[in-house]
Every structure is written in structure tokens, then in C-alpha cells.
Amino acid sequence: MRRLWVPLIAGLIFTIFGCSSSAPPAPASLSVKAFLGSDDAAGFSQALHPVEFNFPRDHGAHPDFRNEWWYVTGNVEDPAGRRFGFQFTLFRNALSPKPPTHPSRWATNQAWLAHVAVTDVSAEKFYSDERFARGAVGLAGVDHEPFTAWLEDWQMAAAPADGCAVCFAVRLTAVSDAFSLDLNLQSRRPAVQHGDSGLSPKSETPGNASYYYSFTRMKAEGNLTVNDNNYR
């Protein structure tokens with residue numbers, strides 16, 4: 001397989017079990033801001049002090065916190081030098097602190113949003129798509145062992161790490177009308193903890209923070225399709 005390499009930067013970023021206590025109220029329309037924005041943290045856990053991460057458990061979801069997200073961004077190029085940027089983000093938002101008591105399999109207090117984007121640098125074109133789903137009947141979720149983060153058929157899933165004990169590898173797959181991604185990503189170093197041992201404050205307000213770690217400068221290879229043109 002010919003390779004798409006990450007020349008300088010690509011990272012799998014986990015902002016896990018973050019809970020904001022001072023975000024702006026949600027507007028009426030659906031958007032990322034509406035999906036994550038709320039000033040009501042009552043009943044949810046909050047990121048107040050550093051914690052010791054436990055992997056692979058902490059790669060998974062933390063539903064006692066109001067929101068969290070998993071995302072990967074990177075820059076790649078094909079052997080001919082054509083450059084692309086890519087991004088995949090999965091958001092989880094708890095609509096209430098406790099699950100509903102309704103017996104339906106569709107009942108859930110978890111909502112999910114996935115957003116995928118590709119930049120064709122050479123053509124100066126940008127493509128994006130997004131999906132929403134409830135966290136029920138297997139439509140969306142995050143499992144920690146093996147790691148899988150998905151919304152319908154868009155997903156990041158654990159892959160072999162080429163014998164590296166401290167590395168982390170995933171396969172990223174997403175298909176949209178104008179583009180598709182099928183990339184294998186592997187870290188070359190352990191996770192980086194942001195802020196104070198992983199506690200990343202967003203303001204001086206206690207609890208307006210997230211637990212945040214990332215895998216940086218990951219090697220990438222695979223396939224990328226834009227408007228029916230395949231790049232490897």
C-alpha cells in the first residue's frame with residue numbers, strides 16, 4: 001500500500017469527562033455550541049482536581065460527567081505531494097444526570113454528535129459532514145476495551161500498535177457523500193497530559209475545566225477519497 005504520511009502533526013486528542021459550570025446557555029438551533037452549551041452542571045461530576053488516569057479504562061466514556069469528546073486532527077500528503085487536512089470528532093452530551101426510567105430500548109439520557117472534515121489544500125476546497133444520534137440501541141457510543149468510538153458506521157477503533165507497549169493505534173473510517181477516510185494512525189510516544197497533570201482549566205471558575213490528554217505526531221497511512229478521486 002502506498003502511504004499517506006503525517007509530515008509534522010497529527011494527534012488523537014481525548015478531552016474526557018469534562019464538565020463546564022459556566023458555559024453559555026444553549027440556543028434553539030442544533031449546533032456544536034447548542035449541543036455542549038449549558039450553565040447547569042447540577043447533578044453532574046466536575047473536573048475539580050487532577051486525577052490519575054487509568055488506561056485503557058479512561059479511553060472510554062464517563063457518563064457521570066455532562067460532556068466529553070474524542071477527536072483526531074492531522075495533515076497528510078500522497079506520494080505526489082498533494083496535501084490534505086482531516087478531522088474526526090465525537091461528542092457525548094448527557095441531557096440529564098440520571099438515565100430515564102422508561103422501559104423502552106430507545107430511552108436514554110445520552111446524545112451524540114459526530115463531525116468529520118477534509119481539507120483539500122491543493123484545490124483550496126473544504127468538505128465537512130455531521131450526524132446526531134441517541135446513545136441507545138447501539139447507534140453511538142465509546143467502549144474502552146477494545147477502544148471503539150462510533151456513531152453509526154463512522155468510527156475510531158483500536159488497531160495493533162506494531163509491538164510498541166506505550167503506543168496507541170486506531171483505524172479511522174468515515175464515508176460521506178463528497179469524501180471518505182480510511183486511515184491507520186499510530187502514536188510514537190505515550191500520551192501527553194495537558195494542564196495540571198491532565199486537568200485543563202477553561203476559566204477561574206472551579207469545575208469549568210476538563211480532563212485532557214492526547215497522543216501527538218502520529219504516523220498515518222491509508223486511503224482518502226475526495227469527489228471520487230482516491231489518494232493513497
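A residue counts as exposed when its relative accessible area is over 50%. The legends below describe a predicted model.

**Figure 1. His102 in the loop between β3 and β4 of the predicted model**. His102 has a relative accessible area of 54% and is therefore exposed. Its loop runs between strand β3 (83-94) and strand β4 (110-120). A polar atom of the His102 side chain lies 3.0 Å from the backbone nitrogen of Ser104.

**Figure 2. Overview of the protein chain.** One helix and 15 strands are assigned in the protein chain. Of its 232 residues, 47% are buried. The accessible surface comes to about 11600 Å², and carbon and sulfur atoms account for 51% of that area. Among contacts with a separation of 6 or more, 60% join residues 24 or more positions apart.

**Figure 3. Strand β3 and its pairing with β2 and β4**. Strand β3 is largely enclosed by the rest of the structure, because 11 of its 12 residues are buried. Strand β2 (residues 67-77) runs antiparallel to β3 and is joined to it by 11 bridges; within this pairing, Val76 has Phe84 of β3 as its bridge partner. The two strands form a hairpin with five residues between them, and Gly81 in the turn has a positive phi of about 90 degrees. Strand β3 also pairs with β4 in the antiparallel sense, over 11 bridges. Here Gln87 has Ala117 of β4 as its bridge partner. In a regular strand, side chains alternate between the two faces of the sheet.

**Figure 4. Surroundings of Ser187 in the loop between β10 and β11**. Ser187 follows the strand β10 (179-186) and precedes β11 (192-193). Its relative accessibility is 1%, so Ser187 counts as buried. The side chain of Ser187 reaches two backbone atoms: the nitrogen of Phe168 at 2.7 Å and the oxygen of Arg189 at 3.5 Å. Beyond neighbours within four places in sequence, Ser187 is in contact with Cys167, Phe168, Phe215 and Met218.

**Figure 5. Aromatic pair of Phe55 and Tyr213**. The structure holds 10 aromatic pairs. In the pair formed by Phe55 and Tyr213, the ring centres are 4.8 Å apart and the planes meet at 55 degrees, a tilted arrangement. This pair links distant parts of the chain, as Phe55 belongs to the loop between α1 (32-36) and β2, whereas Tyr213 belongs to strand β13 (residues 209-215), 158 residues apart. Phe55 is partly exposed, with a relative accessible area of 37%, whereas Tyr213 is at 0% relative accessibility and so counts as buried.

**Figure 6. Aromatic pair of Phe84 and Tyr231**. Phe84 and Tyr231 form a tilted pair, with 4.8 Å from centre to centre and 50 degrees between the planes. The pair likewise links distant parts of the chain: Phe84 is in strand β3 and Tyr231 in strand β15 (residues 229-231), 147 residues apart. Both Phe84 and Tyr231 are buried. Phe84 is also the bridge partner of Val76.

**Figure 7. Aromatic cluster containing Phe55 and Tyr213**. Ring pairs link Phe53, Phe55, Phe147, Phe168, Tyr213 and Phe215 into a cluster. Two of its members, Phe168 and Phe215, are among the residues in contact with Ser187. The backbone nitrogen of Phe168 is reached by the side chain of Ser187 at 2.7 Å.

Technical notes:
Residues are numbered from 1 along each chain as its sequence is written. This is a predicted model: local features need pLDDT of at least 70, side-chain atom pairs count only at pLDDT 80 or more; totals for chains, interfaces and linings use all residues. Side-chain values use heavy atoms; hydrogens and water are left out. Helices (H or I, at least four residues) and strands (E, at least two) are DSSP runs, numbered from the N terminus. Buried means under 20% relative accessible area, exposed over 50%, partly exposed in between (1.4 Å probe, protein chains only). A polar contact is a pair of N or O atoms within 3.5 Å; within protein, one must be able to donate a hydrogen and the other to accept it, and residues adjacent in sequence count only if both atoms are side-chain atoms. Contact means heavy atoms within 4.5 Å. Accessible areas come from the Shrake-Rupley method with a 1.4 Å probe; for residues, only the protein chains shown count as cover. Two strands pair if DSSP finds at least two bridges between them. Rings of Phe, Tyr and Trp (its six-membered ring) pair if their centres lie within 6.5 Å; planes under 30 degrees apart count as stacked, over 60 as edge-to-face and the rest as tilted.
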